[in-house]
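Reader: I should like to learn how particular features of a protein model are read. May we take them in turn, each with its general idea and then its case?

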Amino acid sequence: MHAIPQRCAHRPLAGGLVVPYVTLIHDGHAAFGVLDADKTINAFRRRLCQICEHPLDERCFLLVRPTDVLKGYSPEPALHPECLPYTAEHCPMLNGSATHYRRSPVLASHPAGRPCTDPSCPCPSRTTDQGHAARSGSPSNRYEAWMIHTRNYQLVSLPEQPDAPSGISLDVPVLRKRVLRTATLTPDQQHLMDLWNGLMNGS
């Protein structure tokens, strides 16, 4: 069990867990897993850690899925090497306890995490999860942590949003790669894997 990193000692807690800097705070509650658009852009531009909000040091980690590799950028702000182990241990999507993505975005209107029902609330415009529809309900991805030198930190902007960074370029030298979790297999994939393992064990 990783203790709360010293860098995060100033961060608020929710349920005993550190509330990351980029997490959307909605109706007074932390919507874990939902990024606040303004804070995310601020973290990108100022080279801040997405967890503790402190400036990145000489090296940092990027969270990377296979889909991110295809696109060429990581869509989340970077993390300090000290903040990664705590995050990897407690984030359901990184520690493997969540096997599928949520079917609907959660904007915690109360601790149970139900979707927001207030039509006057600006919360949808404050989130950055454009990829949610594509992932909705699908098995979770493989996640890796890629360490890069901060001098190679390069922001990427998409043509439809040229004024706002969309992520951090992966087309840079990578110092180290660490698998945080493997992908959740579909039933068909799991069946094939079981057949393969049976053949290998019987040979």
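**Reading the features**

Author: A search of the whole structure, which is a predicted model, finds zero aromatic pairs. A pair of aromatic rings is described by the distance of the centres and the angle of the planes. An aromatic ring can also be examined for a charge over its face. Here Lys177 lies over the face of Trp146, at 4.0 Å from the ring centre.

Reader: Let us turn to the sheets. What is the strand order of the open sheet that contains strand 5?

Author: For strands to be paired, DSSP must find at least two bridges between them. In this open sheet of three strands the order is 5-7-10, and the pairing is antiparallel. Strand 5 and strand 10 (176–181) each have a single partner strand and stand at the edges, so one side of each has no neighbour in the sheet. On average, neighbouring strands of this sheet are turned by 25° against each other, direction ignored.

Reader: How many bridges join strand 5 to strand 7, and which residue stands opposite Leu63?

Author: Strand 5 and strand 7 (residues 143–149) run antiparallel and are joined by six bridges. Opposite Leu63 stands Ala145 in strand 7. In a regular strand the side chains alternate between the two faces of the sheet.

Reader: Which strands stand at the edges of the open sheet with the order 6-9-8?

Author: That open sheet of three strands also has antiparallel pairing. Its edge strands are strand 6 (73–74) and strand 8 (155–156), each of which pairs on one side only. Strand 6 and strand 9 run antiparallel, joined by two bridges. Within this pairing, Ser74 stands opposite Ile168 in strand 9.

Reader: Ser169 also deserves attention. Where is Ser169 placed, and is Ser169 buried or exposed?

Author: Ser169 belongs to strand 9 (residues 167–169). A residue counts as buried under 20% relative accessible area. Ser169, with a relative accessible area of 9%, is therefore buried. Beyond residues up to four places away in sequence, Ser169 touches Leu62, Gly72, Tyr73, Gln154 and Val156. A polar atom of the Ser169 side chain lies 3.1 Å from the backbone nitrogen of Asp171.

Reader: How should a hairpin be read, and how many residues lie between strand 3 and strand 4?

Author: One may begin with the pairing of the strands. Strand 3 (residues 23–26) pairs with strand 4 (residues 29–35) in the antiparallel sense over four bridges. Thr23 stands opposite Leu35 in strand 4. The hairpin has two residues between the strands, and Asp27 takes a positive phi near 55°.

Reader: Which general expectation gives context to a positive phi?

Author: Most residues other than glycine have a negative phi, and most peptide bonds are trans. Arg47 nevertheless has a positive phi near 55° and is a residue other than glycine. Glu53, although not a glycine, has a positive phi of about 75°.

Reader: Where do Arg47 and Glu53 lie, and how accessible are these residues?

Author: Arg47 lies in the loop between helix 1 (37–46) and strand 5 (59–64). Glu53 is placed in the loop between helix 1 and strand 5. Arg47 counts as partly exposed because its relative accessibility is 32%. Glu53 is partly exposed, with a relative accessible area of 30%.

Reader: Which residues does Arg47 touch away from its sequence neighbours?

Author: Not counting residues up to four places away in sequence, Arg47 touches His54, Pro55, Leu56, Thr150 and Tyr153. Sequence separation and spatial distance can be read together for one of these contacts. Arg47 and Thr150 are 103 residues apart in sequence, and their C-alpha atoms are 8.7 Å apart in space. The Arg47 side chain reaches the backbone oxygen of Thr150 at 3.1 Å.

Reader: Finally, let us consider a residue in a helix. Is Thr87 buried or exposed, and which residues does Thr87 touch?

Author: Thr87 is found in helix 3 (residues 84–90). Its relative accessibility is 13%, so Thr87 counts as buried. Leaving aside residues up to four places away in sequence, Thr87 touches Ile51, Leu79 and Leu94.

Terms used: Residues are numbered from 1 along each chain as its sequence is written. This is a predicted model: local features need pLDDT of at least 70, side-chain atom pairs count only at pLDDT 80 or more; totals for chains, interfaces and linings use all residues. Side-chain values use heavy atoms; hydrogens and water are left out. Buried means under 20% relative accessible area, exposed over 50%, partly exposed in between (1.4 Å probe, protein chains only). A polar contact is a pair of N or O atoms within 3.5 Å; within protein, one must be able to donate a hydrogen and the other to accept it, and residues adjacent in sequence count only if both atoms are side-chain atoms. Contact means heavy atoms within 4.5 Å. Rings of Phe, Tyr and Trp (its six-membered ring) pair if their centres lie within 6.5 Å; planes under 30 degrees apart count as stacked, over 60 as edge-to-face and the rest as tilted. A charge sits over a ring if NZ of Lys or CZ of Arg is within 6 Å of the ring centre and within 35 degrees of the ring normal. Axes are lines fitted to C-alpha atoms, for helices over the stretch in contact, and angles run from 0 to 180 degrees between N-to-C directions.
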